[in-house]
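Here is a short report on one chain, for use beside the sequence and the model. It takes up charge pairs, strands, core and disulfide in turn.

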Amino acid sequence: VQLVESGGGLVQAGGSLRLSCTASGRTSSRGSMAWFRQAPGREREFVASITWSAGNTYYADSVKGRFTISRDNAKSAVSLQMNSLKPEDTAIYYCAARDSVYKSTYDYWGQGTQVTVSS
């Protein structure tokens with residue numbers, strides 16, 4: 001499975017961006033996809049995830065109410081709509097996928113896309 005992200009860029013605080021991730025290869029309907037991010041000098045952190053089957057979503061507290069994750073099963077794609085962006089959202093955003101929701105780690109990772117929020 002290969003994951004390719006797109007949609008990063010530079011935006012002013014309060015603005016919006018939409019990230020997309022497309023998976024090529026066979027993805028498992030029992031798994032999920034997620035977005036993580038890593039800011040300079042910080043560890044990678046979970047942002048949001050969504051299950052392929054039921055579309056259950058989960059969010060980090062820091063993005064609840066501002067970010068929305070969605071999926072398109074037919075296209076094996078997931079998106080992250082980011083609104084009310086803050087400078088602290090600046091990071092490289094990574095798309096990830098796992099074959100089972102019961103796994104604690106993700107099996108596949110994208111190359112990352114830069115999001116920069118200016119104040």
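## Salt bridges

The structure holds five salt bridges. The model is predicted, and the distances below are computed from it. Side chains of opposite charge can pair when their charged atoms come close.

Which residue does Asp61 meet in a salt bridge? The partner is Lys64, with 3.2 Å from N to O. Asp61 counts as exposed because its relative accessibility is 65%, and the cut-off for exposed is over 50%. Asp107 pairs with Lys103 at 2.4 Å, N to O. Both ends of this bridge are partly exposed: Asp107 has a relative accessible area of 28%, and Lys103 has 32%.

## A buried charge pair and its network

Asp89 and Arg66 form another salt bridge, at 2.8 Å from N to O. This pair links distant parts of the chain. Asp89 sits in the loop between E8 and E9. Arg66 sits in the loop between strand E6 (57-59) and E7. The two residues are 23 apart.

Are Asp89 and Arg66 buried or exposed? Both are buried. They also belong to a wider group: salt bridges with shared partners join Arg37, Glu45, Arg66 and Asp89 into one network.

## The four-stranded sheet

One open sheet has four strands in the order E1-E3-E8-E7. The pairing is antiparallel. Strand E1 (2-6) and strand E7 (67-72) are the edges, and each pairs on one side only. From one strand to the next, the twist averages 15°.

Strands of a sheet pair through backbone hydrogen bonds, either parallel or antiparallel. Here E1 meets strand E3 (residues 17-24) over five bridges, in the antiparallel sense. Within the sheet, Val4 stands opposite Thr22 in E3.

## Strand E9 and its partners

Strand E9 (91-98) pairs with several strands. E4 and E9 run antiparallel and are joined by seven bridges. Phe36 faces Tyr94 of E9 across this pairing. E11 pairs with E9 over three bridges, again antiparallel. There, Ile92 has Gln114 of E11 as its bridge partner.

Strand E10 (residues 108-109) adds two antiparallel bridges to E9. Ala96 stands opposite Trp109 in E10. How many of the eight residues of E9 are buried? Seven are, and the strand is mostly covered.

## The nonpolar core

The largest nonpolar core has 27 residues. Trp35, Leu80, Met82 and Tyr93 have the most contacts inside it. Many strands feed this core. E3, strand E4 (32-38), strand E5 (45-51), E7, strand E8 (77-82), E9 and strand E11 (113-118) each supply at least two residues.

Tyr93 shows what such a position touches. Beyond its neighbours within four places in sequence, Tyr93 contacts residues including Trp35, Leu80 and Met82. Its other contacts include Leu19, Phe36, Val47, Phe67 and Val115. Glu5 and Arg37 are also among them, as are Gly112 and Thr113.

## Leu17 in strand E3

Leu17 lies in strand E3. Why does Leu17 count as buried? Its relative accessible area is 15%, and the cut-off for buried is under 20%.

Leaving out residues up to four places away in sequence, Leu17 touches Leu80, Gln81, Met82 and Leu85, among others. Gly7, Gly9 and Val11 are also on the list, as is Val115. Leu17 and Val115 are 98 residues apart along the chain, with their C-alpha atoms separated by 8.5 Å.

## The disulfide

The structure holds one disulfide. A disulfide is a covalent bond between the sulfur atoms of two cysteines. In this model Cys21 is joined to Cys95, with 2.1 Å from S to S. The angle about the S-S bond is -80°, and the link is left-handed.

Which parts of the chain does the pair tie together? Cys21 lies in strand E3 and Cys95 in strand E9, so the link ties together parts that are 74 residues apart in sequence. Both cysteines, Cys21 and Cys95, are buried.

Definitions and conventions
Residues are numbered from 1 along each chain as its sequence is written. This is a predicted model: local features need pLDDT of at least 70, side-chain atom pairs count only at pLDDT 80 or more; totals for chains, interfaces and linings use all residues. Side-chain values use heavy atoms; hydrogens and water are left out. Two strands pair if DSSP finds at least two bridges between them. Axes are lines fitted to C-alpha atoms, for helices over the stretch in contact, and angles run from 0 to 180 degrees between N-to-C directions. A nonpolar core is a set of buried Ala, Val, Leu, Ile, Met, Phe, Trp, Tyr and Cys residues joined through side-chain atoms within 4.5 Å. Buried means under 20% relative accessible area, exposed over 50%, partly exposed in between (1.4 Å probe, protein chains only). Contact means heavy atoms within 4.5 Å. A disulfide is a pair of cysteine sulfur atoms within 2.5 Å. A salt bridge is a side-chain nitrogen of Lys or Arg within 4 Å of a carboxyl oxygen of Asp or Glu.
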